Amino acid sequence: MNSETVPAEREVVVTGISAVSPMGTGREALIRGLWSGENAWGAVPGEPVKGQRAVLAALVREFEPRAHIPVMKLRRMDYCSRFSVVAAQLALEDAGLLRRGEKAPEPVIDLGPCGIFFGTGTAGSTSVAEYLQGLLVEGTEGQFPMLFPNTVPNAPAGQVSIRFCIRGPNATVSQRESSGLHALAMAAESIRHGRCDVALVEGVDEYSIELLAFYDRMGFLSPGRSGGGESCRPFSARRNGWMVGEGAYALVLESAGHARCRGAAPLGRVLGTGWSGSTCSTYRWPEEHGAYVRCMHEALASSGLDAGAVGAVMASANGNQVLDRMEALALEEVFGPAAHTMPPVTAVKSLLGESGAGGVAQVLAALGVLDSGTVPPTTGGEADDTGGPDVNLVTGEATRPQQAPGAVLVNSFASGGSNVSMVIAHA
């Protein structure tokens with residue numbers, strides 16, 4: 001739906017955000033970590049398999065779900081669901097839709113009609129592995145029935161629905177690395193078309209020993225088959241693969257009319273979205289950039305903006321040789337050369353790692369850009385270290401552009417060819 005045809009009451013605004021991330025729990029921890037370039041990389045638990053090269057990941061550590069979830073309910077949840085429920089509660093509180101009660105959070109309004117839209121790439125994978133391990137090694141006697149409900153990707157969304165008595169539209173998207181931004185785009189369209197007035201959106205993923213070993217064996221992860229140090233270096237000439245991240249990133253969307261009626265102060269607006277598909281194999285990124293260009297142009301067109309109105313770009317780049325080069329070519333085609341007309345570009349996956357939750361994390365960072373007027377740095381490389389073509393990459397420390405950003409373009413391009421771009425703007 002073009003932004004020019006959306007009634008003012010149906011415009012989509014963000015009213016609450018939070019996160020359970022490698023930087024810590026809560027919105028402040030995430031923003032502080034990203035803007036300071038905080039190093040969240042650490043050794044993965046357990047012994048690496050024979051020949052494994054990737055041993056670092058951006059994992060959620062020092063997480064205390066019992067501060068938010070009763071112990072008896074925790075027993076029914078895997079880590080993905082625990083991340084999701086805590087991030088959801090904090091985002092709903094941030095939006096003023098929940099308040100702390102004596103025994104449990106209490107709704108300020110009826111949350112029943114609220115929508116739930118989740119994006120995940122790997123939710124359920126750890127539970128599947130554990131369930132099958134018991135079944136295949138010990139037979140039917142080795143099955144643990146309480147694991148089974150967590151083996152499906154929509155288990156975290158279901159747990160959030162149960163916890164907060166939310167009965168509106170409930171959808172989980174699994175489109176690999178672009179899952180989170182796909183879910184956010186679906187939620188925004190549901191609000192614009194009047195299917196719901198409030199939507200809770202989350203991108204969530206969990207580290208998995210099995211998936212890390214698979215990605216490493218396939219040569220996808222840093223340090224890759226070419227060797228070198230293990231590091232996430234988006235756009236760098238020295239990049240040698242991506243690195244794994246986990247966490248839950250949540251935000252609350254509302255129609256502008258609904259937010260105004262209850263006196264909520266919006267944090268930003270979802271102006272428009274672009275979608276495209278690329279032809280490539282399941283676990284690879286496409287070796288052409290035309291679909292990325294179409295995706296960004298469609299997001300700008302649906303927002304009613306031209307390229308010059310974009311003050312910053314949240315890039316999808318993650319250190320993969322092909323993805324980073326194709327996105328750089330696409331950015332150059334959309335915005336022009338880095339030295340002249342391209343807005344500041346940053347890639348938060350250099351700190352948070354790659355996951356199906358990444359697109360929502362990038363939107364939270366985009367809201368931080370709009371709030372602070374500064375763009376957080378990309379770590380792992382230097383400004384003159386780009387592998388070509390050059391992008392206007394922010395490195396070292398947060399940068400304040402000459403003109404305060406009024407709109408941020410967010411890209412989320414998945415292996416397998418599923419692409420989403422979104423424009424986030426001031427409220």
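Student: Which residue just after H4 takes a positive phi, and what is the value?

Tutor: This is a predicted model, and the angle is taken from its backbone. The residue that follows directly on H4 is Gly 139. Its phi is positive, at about 75°.

Student: How does the length of H4 agree with the span expected at 1.5 Å a residue?

Tutor: Helix H4 covers residues 125–138, which is 14 residues. The expected span is 1.5 Å times one less than the number of residues, and this should give 20 Å for H4. The end C-alpha atoms agree with that expectation, as they are apart by 20 Å.

Student: Against which helix do the buried residues of H4 pack?

Tutor: The buried residues in H4 are Ser 125, Ser 127, Tyr 131 and Gly 134. Their packing partner is helix H7 (209–217).

Student: Are H3 and H5 parallel, perpendicular or oblique to each other?

Tutor: Two packed helices are described by the angle between their axes and the distance between the axes. For H3 (residues 79–94) and H5 (residues 155–164), the axes lie 9 Å apart and the angle is about 45°. Angles under 35 degrees count as roughly parallel and those from 65 to 115 as roughly perpendicular. The pair is therefore oblique.

Student: What is the hand of the crossing of H3 and H5, and how many nonpolar residues does the contact have?

Tutor: The crossing is right-handed. From H3 the contact draws on Cys 80, Ser 81, Ser 84, Val 85, Ala 88, Gln 89 and Leu 92, and from H5 on Ala 155, Pro 156, Gln 159, Val 160, Arg 163 and Phe 164. By class, one of these residues is charged, four are polar and the nonpolar ones number eight.

Student: How are H9 and H10 oriented to each other, and what is the hand of their crossing?

Tutor: The axes of H9 (residues 290–303) and H10 (residues 321–335) come within 9 Å and cross at roughly 45°. H9 and H10 are therefore oblique to each other. The hand of their crossing is right-handed.

Student: How many charged residues does the contact of H9 with H10 have?

Tutor: H9 contributes Tyr 292, Val 293, Met 296, His 297 and Leu 300, which meet Leu 323, Met 326, Glu 327, Ala 330, Leu 331, Glu 333 and Val 334 of H10. The division is nine nonpolar, one polar and, as charged residues, two.

Student: Against which elements do the buried residues of H9 pack?

Tutor: The buried residues of H9 include Ala 291, Cys 295, Ala 299 and Ser 303. The buried set packs against H10 and three strands: S11 (268–277), S14 (407–413) and S15 (418–425).

Student: Is Glu 62 buried or exposed?

Tutor: Glu 62 lies in the loop between S4 and H2, and its phi is near 55°, a positive value in a residue other than glycine. Exposed means over 50% relative accessible area. At 80% relative accessibility, Glu 62 therefore counts as exposed.

Student: Is Phe 235 buried or exposed?

Tutor: Phe 235 is found in the loop between H7 and S10, with a positive phi near 70°. Buried means under 20% relative accessible area. With a relative accessible area of 2%, Phe 235 is buried.

Student: Which residues are joined by a cis peptide bond?

Tutor: The omega angle of this bond is about 15°. Its proline lies in the loop between H7 and S10. The residues joined are Ser 222 and Pro 223.

Key. Residues are numbered from 1 along each chain as its sequence is written. This is a predicted model: local features need pLDDT of at least 70, side-chain atom pairs count only at pLDDT 80 or more; totals for chains, interfaces and linings use all residues. Side-chain values use heavy atoms; hydrogens and water are left out. Axes are lines fitted to C-alpha atoms, for helices over the stretch in contact, and angles run from 0 to 180 degrees between N-to-C directions. Helices (H or I, at least four residues) and strands (E, at least two) are DSSP runs, numbered from the N terminus. Angles under 35 degrees count as roughly parallel, over 145 as roughly antiparallel, 65 to 115 as roughly perpendicular and the rest as oblique. A crossing is left-handed if the near helix is turned anticlockwise from the far one by less than a right angle, and right-handed if clockwise. Contact means heavy atoms within 4.5 Å. Ala, Val, Leu, Ile, Met, Phe, Trp, Tyr, Cys and Pro count as nonpolar, Asp, Glu, Lys and Arg as charged, and the others, Gly among them, as polar. Buried means under 20% relative accessible area, exposed over 50%, partly exposed in between (1.4 Å probe, protein chains only).
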